[in-house]
Amino acid sequence: MAAEDSYWTVKLIVCIHCILCNRQLYPESLFIKSRKYNTVVWQSRHPILCNYIQDAVEACAHELQGGTVECIYLSITSKDHVELERYIFSAYSIPRIPDFLLEKPISPRVPYSDSFVESLRAAIIRVQNATRSLEQLPEDCSWSIRLSLKENSSRPKAWETWYLSEHTPETDLERRYQNLTIPLRNISIGPMDSELWLESRPDAYKMEN
Amino acid sequence: MALQRKKREHPSGNADFNEIEDEAYESVGFHDYGDYFERKKRKLQNQNAALYKDMEDSSKSNLFEGLSMAINGYTNPSYSELRTMIIQNGGTFVQYVDRKTSISFLICSFLTPSKAIQWKHHKVVTPQWIVDCVRQQKLLPWMNYRAVQPAASQSLLAFPDAFKKYDPQVSEQLHESSEVEGQPQDALPSYHLEQTETKENKDELSNRLDSLSRSALHNYHLLKNPNIRKSTTQNPEFLQKFFDSSRLHHLSTWKATLKEEIQIMTASSSSLTSTGNIKSGNKQHYIMHVDFDCFFASVSTRNARELQLKPVAVAHGIRNSEIASCNYEARKYGIKNGMFVSTAKSLCPSLVLVDYDFDAYESVSREFYSVLADTPNDCLKVISIDEALLDLTTHVDSFEECTKVAESIRTRVRTKTNCDVSVGIGSNVLLARLALRKAKPHNIFYIKDEDACEFLQCLSVQDLPGVGPSQSFKLFDLYGVKTVGDLQQINKHGLQETFGVNYGLHLYNIARGVDTSHISNETPRRSVSVDVNWGVRFIFLEDAMDFLKRLLKELLIRMSKCDVVLHQLQLRVLKRAENAPFDPAKYLGAGEVTTLTKSAMFTSATKSFDILFRQVINLYTSLNVDPGDVRGIGLQALKIVKDDKNERVFNFNAPLKTPHKQILPGPLNEQQGQNQGNENIEASSTCTTFIPSTPYDLPSASQVSPSVLAQLPQSMQGNIRRQLELQNKRVDEIPSQLDPLFLKELPTPIRNEVKEDHEITINRRLKLKSHVQPNDNIPTETAKKIQQQDAFEKMLRPNKKVKKQYIPQVDLQVLEELPKEIQETVLEETKVNRYDLAREVKMIPNPVITFQQKQSINELRELLARWYEKTPRGPNSRDVDYFSKYLGRVIREERNLLKVQALIRWLQQLNRKDKIGAWQMAIEKTVEVVQEACFIRQTPPLVLL
């Protein structure tokens, strides 16, 4: 994994852990408090869950490197496969990089400094607060990591390992009318800018309940 | 190890070899594997030779003569069968391949992938080729029997389509050369090619012209005029002419010779003078600077009284040349040295122009120096042909005495040469020089130490030696210094700070008339150089190569005159300055130029043309100058050392022949050994059992000692001479690094290949309409190769001296479309750094949209608060539109939902207390626009409450 992406993946992993904990998708006892970016975060102690998250994020990172990814999102679905919440980590600002340039890291410099940490900490705190203040999810919800690609890229690099989501124009339109956007925080690290926001479907909770 | 040196000398072995005599069969210790292996290979070759010898004549043939082959891996027919076939047909069988180039063909049915890569540039054929050749008793084109298919090379992508047009020609040539095979050897295929080539010349020329840069094209049109071409580097006799008529060249050579003569003179009398020098430790020095008055002009007019009263200038009579020297009459009109003839003519129409008379200058100079040498002195230093420094310290006691000596010098020079000299006298070199300036013309002037300060004060700073326009400008700029008097006011530290420690000190000293430099006896020569900066006009790269070749020859001639060899070679190229016009003011001159230099070191001192020329070509190509922009070229031999006569110069490029023990018993020096070795070859070449394909070589002409040659028997001398003559032929005719005899022995197709190979390296000038020469023949294929190479070099090499931002030539998009392997090769071939390409990846920083020059949330909040305060009755609807438009853009372009949310919340907050209806409406309108923007961006509506 290239150094440039590591901050992305670490950030993603931390956010996922926090979201899963705060949305109570798993029992709270599975998580412990931990410190990251100089703030308190929740971290799952369950090895299977940890590995799963790690693997999913790594697969995302692999796609991210090419710069073809529009955004990565964590979507929480009810047991009827209705999407209730969607946490979007946009990656549109990662430029498209041809494959042959990816084999070696372009520059060994790690774009990691205090200001970046600040930006990341702010985002994490926002994520924590926003997720805690949301209404409780119905029972038996599930979650998945999805990614959507930029306009002119047809499929992920490792497309064999990805599932095509049941993403139709109708569901998309439905989402746009029924969901609400809660902006979280933009993380700007150098020229890379990643927007974080959350789309939730307030009426859905009631329907389920 | 003696044997190692000989390893190539016996590729096929002499069949008449005598086992007992051959040193390969001597007993060896266990110490040296390399030696052992050499012996083993040698023995194997002897076996092969014996095999060939023992074979019946009927089964023998010379089919493969001159070809060495090796076999790799499994083959059908078997290894030993193939070996016999090769040897039977006169080929050289190589068992252990130590260098790929040492064998002509590798025979194998199949190559492992890694080997296939290693051998991809070599001739690898299937065993079937041998079998078929032997069956048909002629060499078949090996291309049809390739064992390794050449990989499709993507390198062609980088070239314009024009090259593809040549492809049919290439195959045509191949076809023709294969036709020639059956013909007798003396019919070179090149003759056959000539016809087709002249036909194609026209096309080729126009094609090539298309690829030229503007400056080269300009040169092309310029050189179309045969008269102009004659006086540029395009003329093969150019160098000769140039140096015959270059005054600077004459000046420098005279100076060099004079220095040497003076050195000899002083060396013989040093025992006398050195004691005097020591004594005069702190004594008053008397230095005399003697100089001719307008040397060239006065020498040219010395025998024509009537001219002496007229304004006279010395210059080449043609168009815009510079005036080298003019007499004092002419100077009255404002004419100065270095002025263009046309300007001078306009100043003084009656100006008489005189051409150079180099012989006269030399003779006058000799007279002058003989006078100086006759004058009793401590030291005589040659400054130039017409200028000298004399140290009279121990011979005179006062300036008055000095003046007497000077007067006698003047009269003696006057009677001998009919010319005037001026003399300046001072206590050091600086003062003498300044005094001389005062003394001119026709006078003597001395500066006493006590007067020096006063004298200096009224001089301008630029009059001081070593102070140029830039320094004087700097002085004026920083200190307001104009005269030396002003300069004397500045303290040492200030000067040293601005001008550096050494130069600052120098300035400080010379302003006070202090000169610490001594007249020392001449130091030995440090470099030999050839420089041409007039008439240098090239069109093609080949023109430049051709000229470099001639220049290098000239340099070698000069070096041999001085009897030196070089360790370092420096190439200097004057390149037309970026904005300089194509035609400089001076006719065919250099104009405004930037100087590029590059040098190469040699591990051992050398004077071999081949080695040096290869290096020169490397240096030249690495400078990456458009041939059309070259305005001058110079070669300089640095770190020169006296040529050691007995120095061993191995010719690594051609196989050597070593002496046989039975002929030359006892120790011999290398030279003799080599010659004797040749003698042996000459003798054995008449013998029928000698395998004629054995390549042999004579050392280059310079290595053959004439004394040794004279001692050889008559017939042998003749042989060696003939061979040397062949070697000395024009390089154009015979690729320089090839032994012509060796070449002659080769089968025709192979000879052609060898020649072509060499032509690529030697870069022969191309045959073009503009300079067609009889017998000057180069296949278009080779020409293209040269061009391609050149194109690549140009494309790839970032210029070292002229710092330019290097932009990769690879189109990223094209590259991306290619399959991965091809991408790799393209990247590798172009050597484009990934990092360079990465720069091509466009990183568009996220735009941050400003509103009323405000970007951050806090600033915007402040702005909104003021807006709200100032318009309590509700905002202007146009302002609302403007603001909501901005928020829309933040969502769509800046992609910052949080910011929009924060700003709208802020507005709501502001209005919460007063609940102004107009503002409420405005906020709702803004929210509407924002949600619309969200919709466009395909995100659900924003939570705003």
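Chain B contains 38 helices and 17 strands. The model is predicted. The chain has 945 residues, and 50% of them are buried. Its accessible surface comes to about 47800 Å². Carbon and sulfur atoms account for 52% of that surface. Contacts were also examined by separation along the chain. Among contacts between residues at least 6 apart in sequence, 67% join residues at least 24 apart.

Helix α2 of chain B spans residues 33-54 and includes B:N48. B:N48 has a relative accessible area of 7%. This residue counts as buried because its value falls under 20%. Beyond its neighbours within four places in sequence, B:N48 is in contact with B:R83, B:I87 and B:F93. Two of these partners, B:R83 and B:I87, fall within the residue range 79-88 of helix α3.

The loop between β1 (68-71) and α3 (79-88) of chain B holds B:P77. A cis peptide bond joins B:P77 to B:N76, with omega at about 0°. Most peptide bonds are trans.

Helix α18 of chain B covers residues 429-439 and is mostly covered. Eight of its eleven residues are buried. In the opening part of the list stand B:V429, B:L430, B:L431 and B:A432. The list also includes B:L434, B:A435, B:L436 and B:A439. The buried residues of α18(B) pack against both strands and helices. The strands are β5 (287-292), β10 (387-391), β11 (421-426) and β12 (444-446) of chain B. The helices are α19 and α23 (501-511) of chain B.

Helix α19 of chain B, residues 449-457, also carries a charged group. B:E454 lies in this helix. With B:D449, B:E450 and B:D451, B:E454 forms a patch of negative charge on the surface. The relative accessibility of B:E454 is 60%. B:E454 therefore counts as exposed, the cut-off being over 50%. Helix α19 thus takes part in two features: the buried residues of α18(B) pack against α19, and B:E454 of α19 belongs to the negative patch.

Strand β14 of chain B runs over residues 564-576 and contains B:V565. B:V565 is buried, with a relative accessible area of 1%. What lies around this residue? Leaving aside neighbours within four places in sequence, its contacts include B:M559, B:A605, B:T606 and B:K607. B:K639, B:I640, B:V641, B:K642 and B:D643 are also in contact with B:V565. B:V641 is 76 residues away from B:V565 along the chain. The C-alpha atoms of B:V565 and B:V641 are nevertheless separated by 5.6 Å.

Backbone angles single out two further loop residues. Most residues other than glycine have a negative phi. Phi of B:N624 is near 55°, a positive value. B:N624 lies in the loop between α25 (609-623) and β16 (630-638) of chain B. Phi of B:K915 is also positive, near 50°. B:K915 is found in the loop between α37 (897-912) and α38 (917-936) of chain B. B:K915 is exposed, because its relative accessible area of 58% is over 50%.

Technical notes. Residues numbered from 1 in each chain as written. Chains lettered and ligands numbered in written order. Predicted model: local features only at pLDDT ≥ 70, side-chain atom pairs only at ≥ 80, totals over all residues. Heavy atoms only, no water. Patch = residues over 30% accessible without salt bridge, like charges linked within 9 Å, V, L, I, M, F, W, Y side chains within 5 Å. Areas by Shrake-Rupley, 256 points an atom, 1.4 Å probe, with all protein chains shown as cover. Salt bridge = Lys/Arg side-chain N within 4 Å of Asp/Glu carboxyl O. Lys, Arg positive; Asp, Glu negative; His and termini not counted. Charge placed at Lys NZ, Arg CZ, Asp CG, Glu CD. Helix = DSSP H or I, 4+ residues; strand = E, 2+ residues; numbered from the N terminus. Buried < 20%, exposed > 50% of the residue type's maximum accessible area, 1.4 Å probe, protein only. Contact = heavy atoms within 4.5 Å.
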